[in-house]
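Reader: I would like to learn how to read a protein model, beginning with a single residue and working outwards. Could you take me through this one?

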Amino acid sequence: HIYKNLPYDTLKDFVGIGLLSAQTGLLVVHPSLPVKSVRELIAFARARPNEILYASSGSGSFSHLAIALLTAMTKTQMTHIPYKGGGPATTAIVAGETQFLVGSPAAVTTQLEAKRLRLLAVSSDVRLAQFPQTPTVAEAGVPGYEFRGWVGVFAPAGTPKAIVDWVNNEIKNAQTSPDMKPRLEAFEPWYMTPEQTAARIKADYEKYGYLIRLTGTKLE
């Protein structure tokens, strides 16, 4: 949706074998922003259009589109400040240059522990084991919101189904094995069958297309 001259067709040239892990965003605000929940954040944004500055790791990035989806669903307006990566975006919000960020657990957990940021919700449709008391955005007042990235395994289109199913089963065995399971917990392992993977790819393709058009993101 962003790159107009790709040498492949995203939906036709590959078959999704399965997922490996998820990427859930943490919705965090700078402590100076007088909100302690997603509902309060939405109310503040509605009362003060474009006054909230939100950081991202770049135009079209996960952190950018996660907030674009939130503002679209809540009919709010915030001002996007893109940075060159998650590290600079996190540094900016800690410094008070911006007030809102959807960051990865790896990027913001240390800042949360130091009370430099306030956690409001998680972007997935299920709570994270790492933050069991933190609600999802949907639970916190935006029904239907869900935004998760993921890492998956693909093969060329036309790969025999028997091979696809075999590799998928090996992924499942690895994710559930007593040896690997504890090592993978920090990476949000996310198992799907090939059929579920295909459905997720199609749904996310449409979701990202909508958000790219909504934000007007263009890269060459």
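Author: Let us begin with the surroundings of one residue in this predicted model. Leaving aside neighbours within four places in sequence, Gln-99 is in contact with Val-28, Val-29, His-30, Leu-33, Glu-51, Ile-52, Leu-53 and Ile-93.

Reader: Where is Gln-99 found with respect to helix H3 and S5?

Author: Gln-99 belongs to the loop that lies between helix H3, residues 86–94, and strand S5.

Reader: Is Gln-99 buried or exposed?

Author: The way to decide is to look at the relative accessible area, where a value under 20% means buried. For Gln-99 this value is 16%, so the residue is buried.

Reader: Which residues does Ile-52 touch?

Author: If we again set aside residues up to four places away in sequence, Ile-52 touches Leu-33, Leu-41, Phe-44, Ala-45, Met-78, Thr-79, Gln-99 and Phe-100. Ile-52 is also among the residues with the most contacts inside the largest nonpolar core, together with Leu-41, Leu-70, Phe-100, Tyr-145 and Phe-147.

Reader: How many residues does the largest nonpolar core have, and which elements each supply at least two of them?

Author: This core has 31 residues, and at least two are supplied by each of strand S2 (26–29), helix H1 (38–47), helix H2 (62–74), strand S5 (100–103), strand S6 (118–122) and helix H7 (194–215). The largest share, 7 residues, comes from H2. Apart from this core lies another, of 14 residues, including Leu-26, Ala-89, Leu-128 and Phe-131.

Reader: How should I read the protein as a whole, and in what order do its elements run?

Author: One starts with the secondary structure, which here comes to 7 helices and 7 strands, and then follows the order from the N terminus, which is β-β-α-β-α-β-α-β-α-β-β-α-α-α. The radius of gyration is 18 Å, close to the 17 Å that the globule rule gives for 220 residues, and therefore the protein is as compact as a globular protein of that length.

Reader: What share of the contacts joins residues at least 24 apart in sequence, and what share of the residues counts as buried?

Author: Among contacts between residues at least 6 apart in sequence, 75% join residues at least 24 apart, while 43% of the 220 residues count as buried. As for the surface, the protein exposes about 11,700 Å², of which carbon and sulfur atoms supply 56%.

Methods. Residues numbered from 1 in each chain as written. Predicted model: local features only at pLDDT ≥ 70, side-chain atom pairs only at ≥ 80, totals over all residues. Heavy atoms only, no water. Core = buried A, V, L, I, M, F, W, Y, C linked by side-chain atoms within 4.5 Å. Buried < 20%, exposed > 50% of the residue type's maximum accessible area, 1.4 Å probe, protein only. Helix = DSSP H or I, 4+ residues; strand = E, 2+ residues; numbered from the N terminus. Contact = heavy atoms within 4.5 Å. Rg over C-alpha atoms; globule rule 2.2 N^0.38 Å. Areas by Shrake-Rupley, 256 points an atom, 1.4 Å probe, with all protein chains shown as cover.
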